Amino acid sequence: MSVADLFEKIPGQDRLGRELQAHLGNLKNSYFFLGPQDAGVMEAAKAFAKSIMCSEGGCGTCRSCMAIDLDMHPDVGLYERSGAFLLVDEAREIVDLAYKSTSGSKYRIIIVPELELVGKAAPTLLKSVEEPPQSTIFLLLASMEVPELRTLISRSVVVRFDPLSEEQIFTHLRKLGYPDADSTIAVRLSAGRWSRAIALAGDQELRESCLLWEQLPGLLQREMSVVIDLVNRLLGVVALVEDRRRKEQKQEISRVVEMAKATGDLRETLVKKLEEKHHRELRRIRTAELRSGLLLLERFYRDQIVASDLAADKIQFGLKAIGRIEDAQLALNRNSNEFLLLVALLSRLADKVS
Ligand SMILES: [Zn+2]
């Protein structure tokens with residue numbers, strides 16, 4: 001298995017796989033993966049980490065590869081910030097990590113995602129990226145080039161990702177063998193997230209549930225009982241997605257237990273660490289799910305404006321609806337009560353956005 005093989009799993013990015021493959025014989029200390037998260041930036045960074053650490057070049061199934069998949073490799077650190085921006089103290093922790101000796105691996109790899117939110121911490125980080133210990137490799141990720149990142153990027157090998165088109169995701173699903181009819185709906189509902197498109201393509205119940213977001217405008221009525229019923233159904237869709245992820249998490253726990261059995265690692269420590277990660281993940285899934293649902297709803301009103309033959313009242317209605325949905329997105333970021341937020345939004349949309 002090679003990096004190029006691992007990259008084949010990520011739609012549209014085989015060229016980058018070949019580029020990184022060429023680096024394996026002559027590794028640099030810092031790589032910058034630039035591009036939208038949905039284009040598989042994190043998957044690519046992990047694939048690269050696997051091929052650096054695995055004795056088989058990234059087999060995907062050995063202990064090292066599995067541990068990287070689950071963010072549990074002792075010498076591959078995924079550093080996630082705690083707040084809205086990376087703090088200077090957090091950057092210092094990353095620098096300290098860069099100088100720690102490894103637990104037996106030839107390299108220490110440090111993955112830092114979402115560095116577009118590096119804020120004032122960039123100079124602190126820069127020092128260790130410029131002169132790291134020979135064995136440390138930084139895999140830095142950002143969805144866009146913000147000015148604070150300029151020097152960091154110039155000191156790194158830049159791996160640039162283009163956003164994926166719906167067509168690329170569709171072609172990828174076809175390659176994986178999903179029926180075209182299912183893929184078409186999956187791509188549309190995934191809002192550009194390819195891993196999500198794969199989940200949808202293979203899960204009819206999930207697909208049918210998620211369609212509710214698109215059908216919503218046609219189902220809306222002014223009666224509060226109808227609105228509340230729809231909101232409950234939407235929250236039911238979110239619960240279904242959470243449920244799917246919980247099942248996968250259970251499988252991950254069993255894999256870790258197997259891994260601990262085979263290697264004599266402390267099972268309790270590994271499982272506890274993974275459970276904490278799962279818990280954080282589930283919290284994020286709820287918001288991500290509502291956010292992508294709102295995006296589908298917003299797209300409905302955008303399409304309606306385009307199809308309105310530029311009738312003034314229809315355009316005005318569509319723009320107001322989009323404004324309300326965007327307000328709801330912002331409220332979601334402020335941890336508002338999801339039920340009340342959706343009830344308020346749907347009531348307004350049902351009321352012809354008065
Ligand atoms: Zn491996």
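**Exercise 1. What sign does the phi of Ala191 take, just after α9?**

Solution. This is a predicted model, so please read every value below as computed from it.
- Step 1: Locate the helix. α9 covers residues 180-190, and Ala191 comes just after α9.
- Step 2: Read the backbone angle. The phi of Ala191 is positive, at about 50 degrees.

**Exercise 2. Find which residues of α9 are buried, and name the helices they pack against.**

Solution.
- Step 1: Go through the helix residue by residue. Ser183, Ala186, Val187, Leu189 and Ser190 are the buried ones in α9.
- Step 2: Look at what surrounds them. Their packing partners are α8 (166-175), α10 (194-201), α11 (204-219) and α13.

**Exercise 3. Describe how α9 packs on α10, from the axes down to the residues.**

Solution.
- Step 1: Recall the two quantities to look for. A pair of packed helices is described by the angle between the axes and the distance between them.
- Step 2: Apply this to the pair. The axes of α9 and α10 lie 8 Å apart, at an angle of about 140 degrees.
- Step 3: Classify the angle. Roughly antiparallel requires an angle over 145 degrees, so α9 and α10 are oblique to each other.
- Step 4: Add the handedness. α9 and α10 make a right-handed crossing.
- Step 5: List the residues that meet. From α9 come Asp182, Ser183, Ala186, Val187, Leu189 and Ser190, while α10 supplies Trp194, Arg196, Ala197, Leu200 and Ala201.
- Step 6: Sort them by character. This contact of α9 with α10 holds seven nonpolar, two polar and two charged residues.

**Exercise 4. Now treat α8 and α10 in the same style: at what angle do the axes cross, and what kinds of residue make the contact?**

Solution.
- Step 1: Take the geometry. The axes of α8 and α10 cross at roughly 45 degrees and come within 10 Å.
- Step 2: Classify it. With that angle, α8 is oblique to α10.
- Step 3: Give the hand. The crossing of α8 and α10 is right-handed.
- Step 4: Name the residues. Ile169, His172 and Leu173 of α8 meet Trp194, Ala197, Ile198 and Ala201 of α10.
- Step 5: Count by type. Six of the residues in the contact of α8 with α10 are nonpolar, one is polar and none is charged.

**Exercise 5. Decide whether α14 and α15 are roughly parallel or roughly antiparallel, and work out what lies between them.**

Solution.
- Step 1: Start with the numbers. α14 and α15 (residues 338-350) have axes 10 Å apart and pack at about 175 degrees.
- Step 2: Compare with the cut-off. Angles over 145 degrees count as roughly antiparallel, and α14 and α15 therefore fall in that class.
- Step 3: Identify the contact. Ala321, Arg324, Ile325, Ala328, Ala331 and Leu332 in α14 meet Leu341, Leu345, Arg348 and Leu349 in α15.
- Step 4: Sort it. Eight residues of the contact between α14 and α15 are nonpolar, none is polar and two are charged.

**Exercise 6. Is Ile52 buried or exposed, and which residues does Ile52 touch beyond its sequence neighbours?**

Solution.
- Step 1: Place the residue. Ile52 belongs to helix α3 (residues 41-53).
- Step 2: Count its surroundings. Because 23 other C-beta atoms lie within 10 Å, Ile52 is buried; the threshold is 20 or more.
- Step 3: Find the contacts. Setting aside neighbours within four places in sequence, Ile52 contacts Leu27, Tyr107, Ile109 and Ile137.
- Step 4: Look at one partner. Ile109 is 57 residues from Ile52 along the chain, yet their C-alpha atoms are separated by 9.0 Å.

**Exercise 7. Where do Asp71 and Glu114 lie, and what is the phi of each?**

Solution.
- Step 1: Take Asp71, in the loop between α4 (63-69) and β2 (76-78). Its phi is positive, about 60 degrees, although Asp71 is not a glycine.
- Step 2: Take Glu114, in the loop between β3 (108-112) and α6 (122-130). Glu114 has a positive phi near 50 degrees.
- Step 3: Check exposure. Asp71 is partly exposed, with 15 other C-beta atoms within 10 Å, and Glu114 is partly exposed, with 16.

**Exercise 8. How many residues of each domain take part in the contact between domain 1 and domain 2?**

Solution.
- Step 1: Set the bounds. Domain 1 spans 3-164 and domain 2 spans 203-350.
- Step 2: Gauge the separation. Their C-alpha centres lie 29 Å apart.
- Step 3: Count. Five residues of domain 1 contact 10 residues of domain 2.
- Step 4: Sort the domain 1 side. The residues there that touch domain 2 are three nonpolar, no polar and two charged.

Technical notes. Residues are numbered from 1 along each chain as its sequence is written. This is a predicted model: local features need pLDDT of at least 70, side-chain atom pairs count only at pLDDT 80 or more; totals for chains, interfaces and linings use all residues. A residue is buried if 20 or more other C-beta atoms lie within 10 Å of its own, exposed if 12 or fewer, and partly exposed in between; C-beta atoms are placed from the backbone. Helices (H or I, at least four residues) and strands (E, at least two) are DSSP runs, numbered from the N terminus. Two residues are in contact if their C-beta atoms, placed from the backbone, lie within 7 Å. Axes are lines fitted to C-alpha atoms, for helices over the stretch in contact, and angles run from 0 to 180 degrees between N-to-C directions. Angles under 35 degrees count as roughly parallel, over 145 as roughly antiparallel, 65 to 115 as roughly perpendicular and the rest as oblique. A crossing is left-handed if the near helix is turned anticlockwise from the far one by less than a right angle, and right-handed if clockwise. Ala, Val, Leu, Ile, Met, Phe, Trp, Tyr, Cys and Pro count as nonpolar, Asp, Glu, Lys and Arg as charged, and the others, Gly among them, as polar. Domain bounds come from an automatic or database domain assignment.
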